[in-house]
Amino acid sequence: MISNKENHGEKLVRESLLEYCQNSTAHVLNNITLEYDDGTTQIDHILVTQNGILVIETKHYNGWIFANENQKNWTQVLFKVKFKFQNPIFQNFKHLIATQKQLDFIPEQSISSLVVFTGEAQFKTLMPKNVIHVNNLIDYIDNIRLGSISENRVQFCVGRLECKRLELTKKTDVEHQGYLNNKFHN
């Protein structure tokens, strides 16, 4: 079942990650809100494995995508209509930093950003590094080698993130949305 906050793309990624975790020592956390500087940040998924930690941003798009990892905005073309959207690599960078701050006992290079596209999006430019389609997610995870993390440390990471995440409530969502509105619309 999809919660009010979780979209279809997040559900697809969550299900893939849960299936992966059933056959490994990895753990996934979904819809994590962490305090960050002067507000909060919401992370779609964090996958903690012995080969590294992935901070995952999910994008559910159809149509053509024109992307450059260094541009502030990317473009979606859907039936000849263009839509701009925030570069998800930039968006996920804040999530990455917030996760690194919470897991300060893990080397920074062991924690990486990943953007996963679901839907029927077709990249008309070269797909940026660490951006994949959901059908490549499990292969990507199987091939990451960000650093060796002991099973004990994996458990500690999960415990720290669970302890530091804000409660998954409507109030948390409203407060985070208020923070975003103040930051981007004032």
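A salt bridge here is a side-chain nitrogen of Lys or Arg within 4 Å of a carboxyl oxygen of Asp or Glu. With that in hand, welcome to this predicted model, where the count by this rule comes to 5 salt bridges.

**Salt bridges**

Three of the pairs are set out below, with their N to O distances.

| Pair | N to O distance |
|---|---|
| Lys11 and Glu15 | 2.8 Å |
| Lys59 and Glu57 | 3.3 Å |
| Asp104 and Arg160 | 3.6 Å |

Let us start with Lys11 and Glu15. Both belong to helix H1 (residues 8-22), where they sit 4 residues apart, about one turn of the helix. Lys11 has a relative accessibility of 18% and counts as buried, because the cut-off for buried is under 20%. Its partner Glu15 is partly exposed, at a relative accessible area of 36%.

In the pair Lys59 and Glu57, both residues are buried. Their side chains meet in a salt bridge of 3.3 Å, N to O.

What does the pair of Asp104 and Arg160 tie together? Asp104 lies in the loop between helix H2 (88-102) and E7, while Arg160 is in helix H4, so the pair links parts that are 56 residues apart in sequence. Asp104 counts as exposed at 57% relative accessibility, whereas Arg160, at 25%, counts as partly exposed.

**The five-stranded sheet**

An open sheet with mixed pairing is built from 5 strands in the order E1-E2-E3-E7-E9. Strand E1 (27-36) and strand E9 (131-133) are the edge strands, and each pairs on one side only. From one strand to the next, the twist averages 40°.

Within this sheet, strand E3 (residues 52-60) and strand E7 (residues 111-118) pair in the parallel sense over 8 bridges. One of the bridge partnerships joins His60 to Thr118 in E7. Helix H4 (residues 151-164) lies across E1, strand E2 (39-49) and E3, and runs at about 45° to E1. This is the helix that holds Arg160.

**The four-stranded sheet**

Another open sheet has 4 strands, ordered E6-E5-E4-E8, again with mixed pairing. Which strands stand at its edges? They are strand E6 (81-86) and strand E8 (122-123); each has a single partner strand, so one side of each is left without a neighbour in the sheet.

For E8, the pairing with strand E4 (residues 64-66) is parallel and runs over 2 bridges. Here Ile65 stands opposite Phe123 in E8.

Terms used. Residues are numbered from 1 along each chain as its sequence is written. This is a predicted model: local features need pLDDT of at least 70, side-chain atom pairs count only at pLDDT 80 or more; totals for chains, interfaces and linings use all residues. Side-chain values use heavy atoms; hydrogens and water are left out. Two strands pair if DSSP finds at least two bridges between them. Axes are lines fitted to C-alpha atoms, for helices over the stretch in contact, and angles run from 0 to 180 degrees between N-to-C directions. Contact means heavy atoms within 4.5 Å. Buried means under 20% relative accessible area, exposed over 50%, partly exposed in between (1.4 Å probe, protein chains only).
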